[in-house]
Amino acid sequence: MENSALNIVVLVKYVPDAQFDRQLSGEAHALDRSESILSELDEYALEAALALSDARGGVKGGNTVTALTVGPASASVAVKKSLQIGATQGLHVSDDALAGSDASATSLVLAAAIKSLGPVDLVITGMASTDGETSIVPAQLSARLGLPQITFASALDVAGNTVTARRDGDDFSEEIQATLPALISVTDQANDPRYPNFKGILAAKKKKITTVSLADLGISADAVGHAGSLTKVTAAAERPARTAGTLITDSGDAGIQLVDFLAAAKLI
Amino acid sequence: MSAIVVYIDQLDAPGKLSTTVSQLLTLARGAGEPVAVVAGPVSASVLAELGAQGVTRVLNSEQAELGEFLVATKADLLAQSAAAVSASAVLVENSAAGKEIAARAGVSLNAGVITDAVSVTTDGGTLVAHKSILAGSWTVEAQATSAVAVISVKAHSIEAAPAAEPTTPVVEAVEVAFSPASLGARVVSRTPRAASGRPELEDARIIVAGGRGVDGDFTPIEELADVLGAAVGASRAATDAGWISHASQVGQTGKKVSPQLYISVGISGAIQQKAGMQTSKLIVAVNKDAESPIFEIADFGIVGDLFKVLPQAVEEIKKRRA
Ligand SMILES: Cc1cc2nc3c(=O)[nH]c(=O)nc-3n(C[C@H](O)[C@H](O)[C@H](O)COP(=O)(O)OP(=O)(O)OC[C@H]3O[C@@H](n4cnc5c(N)ncnc54)[C@H](O)[C@@H]3O)c2cc1C
């Protein structure tokens with residue numbers, strides 16, 4: 001089967017680095033987004049897209065990989081990183097009104113942004129964002145775009161017009177098939193993401209990032225953000241940090257001490 | 001009283017309700033009038049269980065498309081049924097598929113979707129979902145601001161209990177109008193994954209998890225798990241190495257668990273591992289490196305060789321029980 005060039009959109013999210021303490025603040029219990037990075041799980045989506053593009057001759061072969069983000073001005077960092085890793089171009093929906101958008105509002109904006117790009121063959125996302133961790137945006141986006149949804153793909157192949165993926169559930173490993181265009185989310189089992197190299201970092205400087213506002217996409221400000229979201233956080237509390245308890249070094253009876261501990265905690 | 005829909009999948013394991021579904025029905029009954037929406041057959045025994053839970057209405061479809069396509073057809077059934085009974089809320093199990101069914105039904109119903117609820121309470125008629133976020137470092141309460149709320153709920157949100165007055169539910173067949181795109185992602189084959197015979201990670205009171213330190217040999221982990229009646233978990237290093245099924249992975253990209261006791265063995269405690277287990281009630285760690293970060297969150301830490309410590313603990317437990 002002929003493998004024609006693909007027009008792929010990869011969703012990339014700018015998220016607080018999980019290596020640091022993450023904080024909620026203010027009346028709306030919003031997440032503090034300083035110290036943010038490209039979500040680690042989106043690197044697998046980008047890799048999946050680049051591998052498909054590479055196999056079809058890359059940019060020279062007519063393939064396009066667009067890194068799309070919705071977020072504050074600083075979120076362009078996630079797009080830039082994606083361009084350094086190898087995406088062809090960037091699209092950044094940036095608007096102050098977006099702050100506080102839930103999955104529903106976010107998927108609405110993503111759908112409009114993807115439609116603004118004209119026909120695409122594949123939308124590829126990570127399995128979850130590392131901040132929201134809900135995994136529901138891909139499903140909502142495919143519903144809004146009317147695209148077949150293949151989520152949690154741990155292996156992925158496109159031949160001709162058909163995409164085939166493996167989805168490993170708890171009870172079954174399934175093979176799922178759809179005809180392009182389709183939306184796919186990939187897990188961290190799907191591939192080994194590449195790192196940006198020096199050449200990629202230089203090349204990225206010449207790549208284009210288009211920044212659009214909600215008005216450009218024909219979305220009114222009250223359809224997004226806190227106003228347009230269909231959920232709200234009404235209370236938030238930081239869990240007390242766990243602290244180290246007893247630490248012993250085995251001197252021959254640690255297994256017995258372990259059992260003593262379990263017995264004291266009434267677990268045996 | 002407004003209808004609260006509980007989504008029930010009877011396609012994969014028909015004939016009985018899962019424990020989580022029974023919990024959701026108990027939740028729904030406490031908050032309104034429980035309505036069951038069933039994908040697949042409603043057997044006599046399932047009907048009896050639904051009656052014991054006080055369910056009066058059951059909507060079901062056995063259309064083949066529900067099993068032939070991924071997630072989307074089930075979401076169509078759920079959304080159309082919830083609209084038909086004017087539900088004020090929809091409750092779904094918090095599995096990977098359950099969350100996606102909730103997500104898509106939310107789009108159709110223009111409803112706010114909240115996932116990963118550990119419990120659900122009511123506040124003046126509004127459902128409030130309680131969840132733990134940011135890898136377990138924060139707990140939040142969330143509500144839908146829409147007319148309908150869709151919430152996916154984790155296991156053990158409530159103790160399942162029968163209704164004071166059992167009912168005789170009426171089953172209404174639903175003819176789902178599938179959206180064309182819902183018929184896009186076809187399940188072309190399914191391979192059952194081998195069952196371990198041990199408790200499921202999400203259900204287990206105790207989990208014994210092994211990491212790279214087991215060096216390919218999960219026997220000590222499994223033996224300790226079996227004397228404790230525990231589930232077996234693993235770090236990604238162990239599942240990536242192929243020593244144990246990926247379904248056993250705990251962490252950011254695996255299962256998020258909060259058992260009474262998590263015994264971490266030969267696992268260093270990387271941030272992605274902690275993301276899946278640091279809400280456990282008690283944490284015990286066995287690691288030969290005293291500097292290992294896992295000890296920072298362990299209630300009881302043992303610096304030692306797992307191949308010595310675990311077999312000794314197993315022997316000791318057997319001895320005390322004899
Ligand atoms: C996107 C992404 C997602 C990830 N998701 C997850 C996830 O969901 N879950 C997860 O676990 N990881 C995840 N990881 C991987 C994570 O970063 C770590 O690499 C992984 O958790 C390390 O596994 P480990 O602790 O078993 O191995 P190591 O870090 O190699 O630790 C092995 C430990 O075993 C100890 N040890 C060795 N021999 C013995 C012995 N005989 N007795 C006692 N102790 C011994 C060592 O001292 C060491 O501390 C993810 C990584 C990425 C990039």
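Start by selecting A:F261 in this predicted model. The residue is buried, since its relative accessible area is 18% and buried means under 20%.

Now look across to the other chain and add B:F300 to your selection. How buried or exposed is B:F300? Its relative accessibility is 6%, so B:F300 counts as buried.

Keep both residues on screen, because their ring centres lie 4.7 Å apart and their planes meet at 10°, which makes the pair stacked; the cut-off for stacking is planes under 30 degrees apart. This is the one aromatic pair in the structure, counted over all chains. To see where each partner sits, colour helix α7 of chain A (residues 254-264), which carries A:F261, and strand β15 of chain B (residues 300-303), which carries B:F300. The pair therefore crosses between chains.

Next, select A:F172 and B:R190. Here the charged end of B:R190 sits over the ring of A:F172, at 3.9 Å from the ring centre.

Finally, zoom out and show chain B alone as a cartoon. You can trace nine helices and 15 strands. With a radius of gyration of 22 Å, close to the 20 Å from the globule rule for 322 residues, chain B is as compact as a globular protein of that length. Along the principal axes, its C-alpha atoms fill a box of roughly 60 × 45 × 40 Å.

Switch to a surface view of chain B: the accessible surface is about 12400 Å², and carbon and sulfur atoms account for 51% of it. Of the 322 residues in chain B, 55% are buried.

Methods: Residues are numbered from 1 along each chain as its sequence is written. Chains are lettered from A and ligands numbered from 1 in the order in which they are written. This is a predicted model: local features need pLDDT of at least 70, side-chain atom pairs count only at pLDDT 80 or more; totals for chains, interfaces and linings use all residues. Side-chain values use heavy atoms; hydrogens and water are left out. Rings of Phe, Tyr and Trp (its six-membered ring) pair if their centres lie within 6.5 Å; planes under 30 degrees apart count as stacked, over 60 as edge-to-face and the rest as tilted. Helices (H or I, at least four residues) and strands (E, at least two) are DSSP runs, numbered from the N terminus. Buried means under 20% relative accessible area, exposed over 50%, partly exposed in between (1.4 Å probe, protein chains only). A charge sits over a ring if NZ of Lys or CZ of Arg is within 6 Å of the ring centre and within 35 degrees of the ring normal. The radius of gyration is taken over C-alpha atoms; the globule rule is 2.2 Å times the number of residues to the power 0.38. Accessible areas come from the Shrake-Rupley method with a 1.4 Å probe; for residues, only the protein chains shown count as cover.
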